[in-house]
Amino acid sequence: ENVSYVTPTTYDMSHHQRGVAHYTNEDGFRVPAPGYRIARTHPPGQLRIAVLGGSAVQMGSTWEDTLPGSLRAVLRKAEPGRDIEVINGGIVSAISRQSVAELVFTVSPYQPDVVIVYDGYNDLFLPITYESRPNYPYNFQTVEDAWNAWRDERQGSLWRLMLSRSYVFNLLSRAAPANTAAQAAEGFYMGANALRPQQAIDNPALVKEHVARYLDNWRTVIALAAAYHYRPVCVLQPTAGLDRAWASAYIAHGFAMRKEDADRWVAAFALFYQEADRQVRALQAQYPDVHIVSMAGQ
């Protein structure tokens, strides 16, 4: 339970209209105010909904402006007087596999009636930015790199150990920062395990497999519903990244790319989303009693 941040002045997240306050409860759920309690024992008659996903779920200038907060307002307006609680289980940068873990270990004790998984952007954005291995989170590569560096330092030869601790060597090794404009010109390339956009464009089977592994997590959420007694809702979120006119210009400027390189990056991202839309529609046919929604292109 903590106050993550409270801005003293207006903030860009609120379009500079007001300050931003961010509070979490003891389980890390974003809550409307300090000390806000969500009873683990499900109150009789209450409709309790949990929303899982990344920053699109977790973030907002106020709790009420988040997706879960807006959902609660809509439902309370539609059913005045009814006891309705919506849990904000979003985690910034989370992928769907992490949401499954959160569901099992953190959300399920709250006995939600409905679990909404609202994701897609992080899972589908990841391969060409940081991590091409399906269901590996953003920071896993960082952990691997840190561990390898620690291990190599202690298992390497004495001269390498001395060199690694040299002030001059470290100063020179930091002279060329990672992810320079030259690297970006090759195609928005950030992580050691990331794909270059052309690799995705040239390999539809790779795209298909990555999307299938992502949607396996939806199948897990659906399967767990029987054990934890909730109704599952799975939503492929929309993204402005598929608006080529906007996204290409944004990427070209932000990463010092040529327009044709930015276009290639957007085309690769669109392939992941198009394949996800196709597979989500196949899931709809496979699970006709489950609410499965694709917002690709919206």
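Helix axes are lines fitted to C-alpha atoms over the stretch in contact, and the angles between them run from 0 to 180 degrees between N-to-C directions. With that in hand, the packing of two helices can be described in this predicted model. Helix α11, residues 244-254, and helix α12, residues 259-286, have axes that come within 8 Å and cross at roughly 125°. Because of this angle, α11 counts as oblique to α12. The handedness of the α11 and α12 crossing is right-handed.

A look at the residues involved fills in the picture. On the α11 side, the contact is formed by R244, A247, S248, I251 and A252. Helix α12 contributes A262, D263, W265, V266 and A267. Sorted by character, the residues joining α11 with α12 comprise seven nonpolar, one polar and two charged.

Another part of the chain worth visiting is the loop between β1 (2-6) and β2 (21-24), where T7 is found. T7 has a relative accessibility of 18%, so this residue counts as buried, the cut-off for buried being under 20%. Two polar contacts of the T7 side chain involve backbone atoms. In one of them, the T7 side chain reaches the backbone oxygen of T9 at 3.1 Å. In the other, the T7 side chain lies 2.6 Å from the backbone nitrogen of V20. Leaving aside residues up to four places away in sequence, T7 touches G19 and V20. V20 thus appears both as a residue touched by T7 and as the owner of a backbone nitrogen that the T7 side chain reaches.

Note on methods
Residues numbered from 1 in each chain as written. Predicted model: local features only at pLDDT ≥ 70, side-chain atom pairs only at ≥ 80, totals over all residues. Heavy atoms only, no water. Helix = DSSP H or I, 4+ residues; strand = E, 2+ residues; numbered from the N terminus. Buried < 20%, exposed > 50% of the residue type's maximum accessible area, 1.4 Å probe, protein only. Polar contact = N/O pair within 3.5 Å; in protein donor to acceptor, adjacent residues only side chain to side chain. Contact = heavy atoms within 4.5 Å. Parallel < 35°, antiparallel > 145°, perpendicular 65-115°, else oblique. Left-handed = near helix turned anticlockwise from the far one by under 90°. Nonpolar A, V, L, I, M, F, W, Y, C, P; charged D, E, K, R; others polar.
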